[in-house]
Structures are given as structure tokens and as C-alpha cells.
Amino acid sequence: MCLIDKLKSIKSLSIVGIEKNTGKTETLNYVIKLLKKNNYDFGLTSIGIDGESVDQVTNTKKPNILIPENTYFTTSESHFKQKQFLAEIFSVSEKSTSIGRLVTAKSLENGKILLSGPQNVSWLKQIIENMLNHEIDIVLVDGAISRLSLSSPNITDAMILATGAAFSLNMNELIKKTKHTVTLINLEKYESNKLPSIKKIKEGIFYIDNNEEIKKLPIESFLHFRKLEKNLIEYGKTFFIKGALTNNFFKYINTQKNINEIIFVVDDYTKIFVDTDVFNIFLKKGGKLKVLEKTNLIAVTVNPTSPSGYSLNKETLKESLQKEINVPVINVLDGDLK
Amino acid sequence: MTDLMEYIINDLECSSVFGRKKIKNITFLKEEEKIQKELDNTEIILNFLKENPEKISKLKEILMHFKDIYRTLKKTSVENIFDDIELFEIKHFCIFSEKLREEIKNELENFSPPNLENIVRLLDPEGLKINSFYIYSVYSEKLKNIRELKKKIKLQSPIDETAFFEITQIENEEENIVRQKLSEEIFNNIEKLIDSYEKIGYLDFLISKSEQIISNNFSKPIIDDSKIQIKQMFNPEIKNNLEKENEEYQKIDFLCEEGVTLITGANMTGKTVILKTLALIQNMMQYGFYVPAEYASLPITDEIFMLSGDLQSIQSGLSSFAAEILFVNKIYKHSKTNKKSLILMDELARNTNPHEGKAIVKAMISLLKNKNSFSIITSHYEGVNSYEKNIKNYRVKGLKKDKTTEITGSYKHIAKFIDYSLVEFKQGEKIPEEALTIAKILDIDEDIIKKAKYYLGN
């Protein structure tokens with residue numbers, strides 16, 4: 001299925017970089033061109049003030065998103081004022097981000113813009129809602145790097161992950177890390193009739209005991225796991241962890257007996273911070289990790305060119321990566337839009 | 001603003017940011033003319049909404065759209081040029097101000113924002129009636145030509161970057177000239193805009209007051225400097241809390257004149273509530289609000305003093321008695337200025353021994369009886385009453401005698417056994433001793449009650 005077909009059924013899409021400088025902007029511009037070619041009406045905004053472009057505040061970064069004519073966008077006051085194209089203002093927020101209020105406008109000619117956006121989830125959801133009221137088909141959200149919690153799956157309907165040569169010039173390393181992230185994003189969703197009560201839990205570690213009851217583990221986080229008197233399996237077979245899962249957690253779990261009988265459940269993939277090797281041992285031992293909210297990852301984009309000009313063999317990169325993951329891989333520098 | 005007004009203020013639901021600002025800035029009024037005007041204005045809006053209930057949601061819907069443009073208007077001076085965002089905000093404001101005016105200009109002319117059609121036209125030169133803004137090409141023939149040229153340059157492939165950069169510069173300059181003209185025009189109308197801003201806030205405030213009056217059954221007080229006469233007064237906060245638990249609130253009548261009014265009664269018979277409600281009603285009237293009563297005739301006071309058990313004495317390191325007596329001193333000094341005030345003293349001298357406490361109460365009654373203030377003192381000390389001119393004696397009716405047999409550990413329903421109304425306390429009457437009966441209702445250990453009765457017998 002082509003990317004454009006996948007975009008038909010979704011109302012919001014975030015574009016997230018696997019690390020800094022991985023061609024997120026190129027991906028966004030690629031999706032914009034693709035939508036434009038297919039006559040989609042779309043809106044554009046961003047998550048907060050991108051970590052990659054903190055220097056935007058000092059105005060050293062140039063506007064980089066190519067916005068076509070008649071496109072709605074939301075950005076901060078100060079970025080709005082830097083634009084060099086005509087735009088019709090439709091609303092100004094009451095709340096302010098650290099670089100000013102958010103302006104929603106429609107471009108009256110094409111041009112380049114710096115995107116910035118709401119700094120919290122509920123505000124971003126509201127901005128997306130407001131944009132959809134302007135009778136547009138889809139809202140694109142210029143996301144942060146993949147691990148920032150603002151790219152949590154419950155904000156947009158779908159996500160595209162951007163990776164590229166800028167991230168690592170060693171192709172094997174690049175493929176290995178990308179595959180790892182995709183594995184985490186594609187973790188299976190946990191299903192149970194207990195979901196409503198599980199989702200209400202705000203913090204701590206919980207488990208389902210042998211009587212099918214939800215109980216709290218007597219430690220606040222797995223950082224304190226040594227305080228546990230029993231083996232995990234003696235408490236129960238399903239554990240819910242609110243908050244982050246670190247390398248240390250997996251190292252601890254990997255020492256436990258019978259972990260192949262236990263299911264660990266975490267909010268979503270952005271809460272998992274684990275190295276590839278440690279995670280692979282966990283998987284090899286039969287460990288099961290699921291998420292409460294699953295991200296709908298519809299494509300991975302690769303940009304074989306690094307900012308320094310060095311370029312990986314684009315065909316090899318795309319094909320090698322495609323062999324490793326079951327999500328469509330797109331080369332954003334391909335002239336071919338589909 | 002006093003704490004007592006907090007409940008009333010928090011209960012107001014303004015729809016606009018201007019209304020909310022207006023609430024923050026209300027003041028205690030001391031001039032009859034101002035209070036009367038505020039009450040009359042409230043009445044006009046109240047009656048309008050009662051007659052046109054369908055307008056409430058319409059007006060509120062419009063009011064909700066306003067954003068605070070105070071800072072934008074404030075920064076204006078001739079040298080200041082508004083940027084596009086500010087021009088958008090002003091346009092947005094004017095469009096909704098006009099919508100509001102359309103709704104009320106005939107019936108509520110005095111409350112309607114001024115006509116801002118000219119600014120709407122200025123910022124909507126093409127008459128598109130869309131709530132959006134940019135520097136339209138119709139503003140200047142030159143701008144129109146520049147933009148057409150820019151379009152042509154953009155269409156070239158590859159784009160001539162130098163030409164594009166230059167034309168963008170020229171466009172910016174011309175846009176700035178337009179902005180300057182627009183800003184000057186707006187500045188010429190700045191007073192109208194500020195007037196609109198204030199009218200909208202005031203209207204919103206009056207609408208929220210009216211809604212509060214309707215939902216709480218408040219009434220318009222009458223100003224009469226000779227007496228405090230209230231029929232069926234109630235404390236809305238307590239009443240609403242009781243009603244949530246399906247309990248009934250007993251409304252009571254109150255009448256007093258200048259001088260001293262003494263209210264006696266057992267514990268838990270609502271003396272404190274009476275004083276707090278009187279303070280609230282007096283405050284509300286002087287903030288220009290309707291009051292929680294069926295009828296209220298009230299004097300205008302210079303100040304309201306409320307002495308109650310919850311004086312913040314501990315924070316300032318004073319003993320509770322010291323804090324109390326210092327406050328009493330302040331009250332007395334003020335009463336000597338002959339300014340009319342409302343003085344409410346709950347259980348005066350409660351914090352010291354009964355012997356001296358009683359003497360202090362008597363002293364205050366004697367000192368305040370000839371002042372032109374309204375002093376209302378509650379006490380359960382025996383023998384502080386005095387039956388002279390300028391002194392009125394009340395007692396709370398208290399426990400319903402016929403029901404005392406039913407009483408058993410029903411602390412939650414104590415209200416059922418008490419008649420909170422006030423009756424004239426006649427000379428020679430004794431304060432009913434009901435402390436132990438009340439204690440029994442509160443399910444106090446039998447030992448305590450027995451022992452107390454034993455000592456009472458001695």
C-alpha cells in the first residue's frame with residue numbers, strides 16, 4: 001500500500017525523528033508535496049519548540065518548512081513574524097508559549113516557515129481539533145525526537161519515523177538502531193477487560209495476582225527492586241509499570257527466573273529506554289513487553305545524505321532496512337511521490 | 001474585598017475576560033447615589049433577562065469570544081504601529097462588539113457598546129465578514145502592483161533570488177505604510193474602543209449578577225439609614241450546602257435600630273450565622289449586589305466590623321484574648337468618630353473568665369448604646385442584658401421543647417430540633433440552659449453529662 005493510501009483514513013499525523021538531525025524536515029516537506037500533489041487540504045503545526053532548533057530563539061536558523069498556498073498553519077508569534085509570505089490570521093491563542101502566543105493562519109502564497117507549537121498534550125490536541133474545523137483533511141505535526149513524551153501515541157492518529165545518514169554514517173549501526181526503535185513502536189497492545197481500571201492508575205507498579213485482582217507492588221519503581229522479598233513470578237504474571245522502563249529494569253528482569261511466563265505492560269513506547277543488546281537478551285529469554293497505547297507507525301523514511309554532504313548508497317540503505325522491518329521504508333529524496 | 005464576599009464573588013460566572021476583570025475591581029461603596037445606581041442597573045439587566053430569557057445564552061455566546069486586548073489598546077500611541085496580529089485582535093474585538101450591540105442596542109441602549117462599524121469596515125475593507133485579517137491589497141494600489149509582480153517572479157524557474165528579495169523588501173515597506181495608516185485611524189478611535197471594552201465587561205458582570213439573583217432568589221435592598229430590617233434572610237453558602245444534603249434552611253427575620261442589639265441563646269443555635277449573614281448582606285448591598293432575603297431595608301455604613309472567634313491571632317503571636325480586645329479597641333475608637341458603622345461582635349469576651357468577661361460585655365453595651373452605629377452583640381453570659389433606651393434584647397428560640405424527648409445522638413440532624421428565629425427577650429426572663437441538652441444530642445459520653453449535672457445540682 002502506498003503512503004498516500006494510508007493517509008486517507010487518518011486525521012492527524014506526526015513526523016518524528018529517531019534522533020536529532022535525521023531528516024525530519026525533509027520528511028515533512030516530502031509529505032507536504034505528496035499531499036499537495038493529491039489535492040489534500042492540510043494543516044501544519046509542531047510540538048513545542050523543537051529541541052533541534054533551540055537556536056531558533058536567537059534567530060540563527062532559517063525557516064525550513066515549505067508551505068504551499070492556502071494551507072492552514074499554527075506557529076508561535078515570533079516565528080509568524082519572521083515569515084516572508086502573505087498569510088491571513090484566523091486566531092491567536094490566549095495562552096502563551098515561551099516564544100509567544102500561537103497564531104493560526106492560512107498562507108495566501110507559498111513560502112517558508114519555522115514551525116513551533118503547543119508545549120503540552122492537551123493544548124496540542126485542541127490545536128489539532130481547531131484546525132480540523134477549518135475543513136481540512138489532515139493535520140501534520142512536526143514532532144520532536146522519538147523519545148520525547150510529547151510524541152506519545154495518543155495525540156495523533158499515526159506517525160512517520162524519520163531516520164538517516166545524519167544519525168549514523170555506519171549503515172549497519174543505523175539499521176540496527178532503527179530496527180530497535182521500530183520494534184519498540186510496534187510492541188503489541190495489551191488487551192484485557194481490566195483496561196479501564198488499569199488506565200486510571202497514575203503511578204507505581206501494579207500486578208494482577210492469582211485471584212485476578214489488581215495489586216500494588218510494595219516498591220515505588222524498579223530502581224528499588226532489591227527490596228522485594230519474593231521473586232516476581234510469585235506475585236503474579238502481569239505487571240504494569242507507570243513511568244519509564246530503563247536499562248537497569250531490563251538487566252534486573254533478565255536475572256529473574258521464569259520471565260517467559262510474565263507479561264510486562266508499559267504506557268507506550270516513549271516510556272522505554274533500553275539498549276538494543278539488553279533488550280535482545282530480554283526477548284531471547286522469552287520476555288514479553290506490551291503497551292497500553294500503541295502507535296500507528298505507517299512508514300519509516302530514510303535520508304541517505306548527511307548535512308556534511310556524505311551520502312550512503314541510497315538503494316542499499318533502503319533495501320537493507322526494508323529487509324529488517326515490516327513497515328514501508330521510503331527514501332525522501334526519491335523524486336517519486338506515492 | 002472581605003472574605004465574606006468570597007463565596008458570592010466565586011459564584012459569579014462571567015463569560016468574558018473583561019467581566020472577570022470587572023469582578024476583581026469592585027469596591028465597597030459608601031455613597032447612596034452610587035449604590036442606588038448600581039442596584040438600579042442590576043435591576044434593568046435582571047428585568048431584561050427575565051423578559052427575554054432566550055437572550056441569555058445568545059449574549060453569553062458572544063461574550064465568550066472576547067479576548068483580552070487591553071494590553072494592545074494600552075500600548076497605543078501615535079508612534080506605535082500595530083502589527084498584523086494586533087490588527088487581527090482589534091478586528092476580532094470590534095466584530096464581536098458589533099454583534100453584541102446588534103443584540104441589545106434597542107432595549108439596552110445605555111449598556112450597549114458604542115458603534116464600531118467604522119473600525120470593522122477599516123479592517124474588513126472588502127466587506128468579507130470573515131473573522132480573519134491580513135494586509136489586504138485593496139488598501140493600496142501600489143501594494144497590489146507589488147504583489148502581482150512578486151507573484152510573477154515566484155513563477156519563474158529558477159527564481160531570480162535577488163529580484164525576489166528586493167520585491168519582498170518593497171512589499172514589506174508598503175505594508176508598513178498601510179499599517180501606519182490603519183494604526184492612526186484606530187488611534188483616533190481609541191476612546192471608543194476603551195469605552196466598548198468597559199461596557200462589555202460591565203454588561204457581562206451585570207448578566208452574571210442577574211443569573212445569581214435568579215438562581216438564589218436574592219432581592220433588591222432598600223436604603224434606609226434609620227434601621228436594619230430584613231425579612232426571611234438566609235446565608236446562601238450554608239443554605240446551598242444544606243440543600244445538597246436534603247436539609248432545610250430556616251430563614252429568619254431581623255430588625256434593629258441604631259444603638260446596641262444583644263442576642264442571647266444557647267450554643268449551636270445559630271447566633272454566629274446570624275451575625276455572619278448580617279455582615280454578608282450589608283457587604284453585598286454596599287458592593288451594589290442584591291441580597292439574600294425576601295426584603296431588606298439597610299443603612300449605608302462607613303465600615304463593617306466583624307469580631308468573631310476566627311480572628312487570626314496566632315499568626316501575629318497574640319493570645320486570643322489580646323487579639324480580641326485590641327480589635328474591640330479599634331472598633332470603639334472608630335465609633336467615637338461618629339461615622340456610622342455596622343459592628344458585629346460574636347461572643348464578645350469569650351476568651352477570658354466569665355466574671356470579667358461579663359463586665360467587658362456590659363461596658364461595651366453601655367459605651368456603644370448612644371453611638372450612631374449599629375452594634376449587634378451575641379453572648380451567652382447571664383445577666384448582661386439591660387433594658388434601656390437604644391438597647392434591644394433578642395434571644396434565639398432554641399430547642400423545640402416538644403421535641404427534646406426524641407433527641408438521641410443525632411448530631412447530623414440537630415437542626416431539626418432547633419428553632420433559629422429570634423424573639424424579644426423580656427426583662428426577668430432567664431437564658432434557657434441548654435448546653436447539656438445540646439451535649440446530649442452530640443452524643444457526648446454519659447459520664448460527662450452526669451458529672452456536670454451533679455455539679456449543677458450543687
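In this predicted model, 19 residues of chain A are in contact with 19 residues of chain B, and the two chains bury about 1600 Å² between them, 54% of it on carbon and sulfur atoms. On the chain A side, the residues that lose the most area to chain B are Gln84(A), Leu86(A) and Ile89(A), which together make up 32% of what that side buries.

Polar and charged pairs also cross this interface: eight residue pairs are in polar contact, both partners being at pLDDT 80 or more, and four salt bridges are found, among them one that joins the side chains of Lys81(A) and Asp83(B) at 3.0 Å, N to O. Helix H3 (77-82), strand E5 (87-97) and strand E6 (100-107) of chain A each supply at least two residues to the side that touches chain B, and the largest share, seven residues, comes from E5(A). By class, that side of chain A has nine nonpolar, four polar and six charged residues.

The two pockets are set out below.

| Pocket | Volume | Lining residues | Largest share of lining |
|---|---|---|---|
| Largest | about 910 Å³ | 26 residues | H9(B), five residues |
| Second largest | about 780 Å³ | 30 residues | H12(B), five residues |

Nearest the centre of the largest pocket lie Asn110(A), Gly111(A), Lys112(A), Lys154(B) and Phe164(B), and its lining has 10 nonpolar, seven polar and nine charged residues. For the second largest pocket, the residues nearest the centre are Ile238(B), Gly270(B), Val273(B), Ala415(B) and Tyr420(B); helix H11 (236-244) and helix H12 (271-286) of chain B each supply at least two residues of its lining, which divides into 13 nonpolar, nine polar and eight charged residues.

Methods: Residues numbered from 1 in each chain as written. Chains lettered and ligands numbered in written order. Predicted model: local features only at pLDDT ≥ 70, side-chain atom pairs only at ≥ 80, totals over all residues. Heavy atoms only, no water. Contact = heavy atoms within 4.5 Å. Buried area = accessible area lost by both parts, 1.4 Å probe. Polar contact = N/O pair within 3.5 Å; in protein donor to acceptor, adjacent residues only side chain to side chain. Helix = DSSP H or I, 4+ residues; strand = E, 2+ residues; numbered from the N terminus. Nonpolar A, V, L, I, M, F, W, Y, C, P; charged D, E, K, R; others polar. 1 Å grid on protein atoms, 1.4 Å probe; cavity = no way out; pocket = protein on both sides within 12 Å on 5 of 7 lines; lining within 4 Å. Points joined across faces, edges and corners; volume = space filled by probe spheres on them.
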